[in-house]
Amino acid sequence: MKQDASAQGVLIRELIARFTSDHLIGKKIKNGELRKKLTEPPWVVPKGFLLTEIDMEAFTMEWLESEQQDTDMALLQLHGGGYVGAMRNAYRTFAAAYSELGRGMPVLTIDYRVAPEDPYPAALEDALCAWRWLLEQGYPEDKILLAGDSAGGGLAIALAMYLREQGEALPAGIIAMSPWTDLTASGESYETNFERDPLFGRTRDSLIYNREYVGLEDPRNPYISPAFGEFHGFPPMLIQAGSYEMLLSDSEIVAKKARKAGVKVRFHIYEGMFHVFQMAMQLMPESVQAWKEVERFLLLFTGQERAFTARSVRT
């Protein structure tokens, strides 16, 4: 029988499934209980980096700078969490990875407002505010990259759609890891992967079925569910997803529509992988490969990578 993932990947996938078997990721996140009780130790800023906390009117941001900066690009990171989870240390680690792989580019990560206290359009408003903050710091649009995972990936795409509709210039590129782009949960993979998704599978009482962020809005609103939007004029996109995740269709739809609109898209499905498997960092071959792919994409904008392979890949 064909191995669907590395031994490390299978082990981590099974551990996730065991951890979520009591619907922890469903009920307790859905009602905000886990988010409000979860505490983490202070994040230790890696050597060679400087972290500055920035207070905005409605939310906070973190500006991570490297002492080894060798680029004039900057990256805006929008974290995941289903629009109900706050920023966590994992995203600070992501920021350091983006900076290091991007030859020291500074990374702005925002702790945007979340539901149920602040439903749509709060997250989009905060993302737009952070985008304009970067412009005010002297970074032109073509020197800013957007990156996000899960809800943050969908939010990054929604931000680009909003900018285009307002007649504003778009970012240089977008990185979307397992982006949540269809809050109607209507894609084929919501059924085909229902039994094997270790994080959201085997229950309808999970994060991906809540309406806390949507509120009274139409979930087909492209600023909520970018899969229902149009992609003409978009910059190059790197989209990564796992073959086991229920949200796989969210990535497939976006990649297909964007490519049809003439956008350069590299869409990579990692066999046997789960939602935002990149969080495993160096712990399994698939996440290592995914971050190497991110590095190649980032280097396109620093002049150190010459070609962008716009195609679909499945490994």
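A residue counts as buried when its relative accessible area is under 20%. With that cut-off in hand, this briefing introduces a predicted model. It covers two helices, an enclosed cavity with one of its lining residues, a pair of residues in touching loops, and several backbone features.

**Helix H5**

- Helix H5 covers residues 122–136. Its 15 residues reach 21 Å from the first C-alpha to the last, close to the 21 Å expected at 1.5 Å a residue.
- Buried residues of H5 are Ala122, Ala123, Leu124, Asp126, Ala127, Leu128, Ala130, Trp131, Trp133 and Leu134.
- The cover over these buried residues includes the strands S1 (49–55), S2, S3, S4 and S5 (144–149), together with helix H6 (151–165).
- Just after H5 comes Gly138, which takes a positive phi of about 100°.

**Helix H6**

- Helix H6, which is part of the cover over H5, is itself largely enclosed by the rest of the structure, because 13 of its 15 residues are buried.
- The end C-alpha atoms of H6 are 21 Å apart, which agrees with the 21 Å that 15 residues should span at 1.5 Å a residue.
- Gly167, just after H6, has a positive phi of about 75°.

**The cavity**

- The structure holds one cavity of 30 Å³ or more. About 40 Å³ of space lies in the largest cavity.
- The lining of the largest cavity is made up of Trp43, Leu51, Glu62, Leu64, Tyr91, Arg92, Ala95, Val107 and Thr109. Two or more lining residues come from each of the elements S2, H4 and S4.
- Helix H4 gives the largest share of that lining, three residues.
- By character, the lining residues divide into six nonpolar, one polar and two charged.

**Glu62, a residue of the cavity lining**

- Glu62, one of the lining residues, is found in strand S2, which runs over residues 60–66.
- The relative accessible area of Glu62 is 9%, so this residue is buried.
- The side chain of Glu62 is joined to that of Arg92 by a polar contact of 2.9 Å. Arg92 also belongs to the lining of the largest cavity.
- Beyond its neighbours within four places in sequence, Glu62 is in contact with Leu51, Thr52, Glu53, Met87, Arg92, Val107, Leu108 and Thr109. The cavity lining includes Leu51, Val107 and Thr109 as well.

**Arg103 and Thr71, two loop residues in contact**

- Arg103 is found in the loop between helix H4 (89–101) and strand S4 (107–111). Thr71 belongs to the loop between S2 and S3.
- Arg103 has a relative accessible area of 26% and is therefore partly exposed, whereas Thr71, at 13%, is buried.
- Leaving aside neighbours within four places in sequence, Arg103 is in contact with Gln68, Gln69, Asp70, Thr71, Glu295, Leu299 and Gln304.
- Thr71 touches Gly102, Arg103, Gly104, Met105 and Thr302, again not counting residues up to four places away in sequence.
- Closer along the chain, the side chain of Thr71 reaches the backbone nitrogen of Met73 at 3.1 Å.
- Arg103 and Ser243 are 140 residues apart in sequence, and their C-alpha atoms are 30 Å apart in space.

**Cis peptide bonds before proline**

- The bond from Ala115 to Pro116 is cis, with omega near 5°. Pro116 has its place in the loop between S4 and H5.
- The bond from Tyr120 to Pro121 is also cis, with omega near 15°. Pro121 is likewise found in the loop between S4 and H5.

**Positive phi outside glycine**

- Tyr83 has a positive phi of about 65° although it is not a glycine. This residue is found in the loop between strand S3 (74–78) and H4.
- With a relative accessible area of 1%, Tyr83 is buried.
- Arg202, also not a glycine, has a positive phi of about 65°. It lies in the loop between helix H7 (189–192) and strand S7 (237–242).
- Arg202 counts as exposed, at 59% relative accessibility.

Technical notes. Residues numbered from 1 in each chain as written. Predicted model: local features only at pLDDT ≥ 70, side-chain atom pairs only at ≥ 80, totals over all residues. Heavy atoms only, no water. Helix = DSSP H or I, 4+ residues; strand = E, 2+ residues; numbered from the N terminus. Buried < 20%, exposed > 50% of the residue type's maximum accessible area, 1.4 Å probe, protein only. Contact = heavy atoms within 4.5 Å. Polar contact = N/O pair within 3.5 Å; in protein donor to acceptor, adjacent residues only side chain to side chain. 1 Å grid on protein atoms, 1.4 Å probe; cavity = no way out; pocket = protein on both sides within 12 Å on 5 of 7 lines; lining within 4 Å. Points joined across faces, edges and corners; volume = space filled by probe spheres on them. Nonpolar A, V, L, I, M, F, W, Y, C, P; charged D, E, K, R; others polar. Expected span 1.5 Å × (residues − 1).
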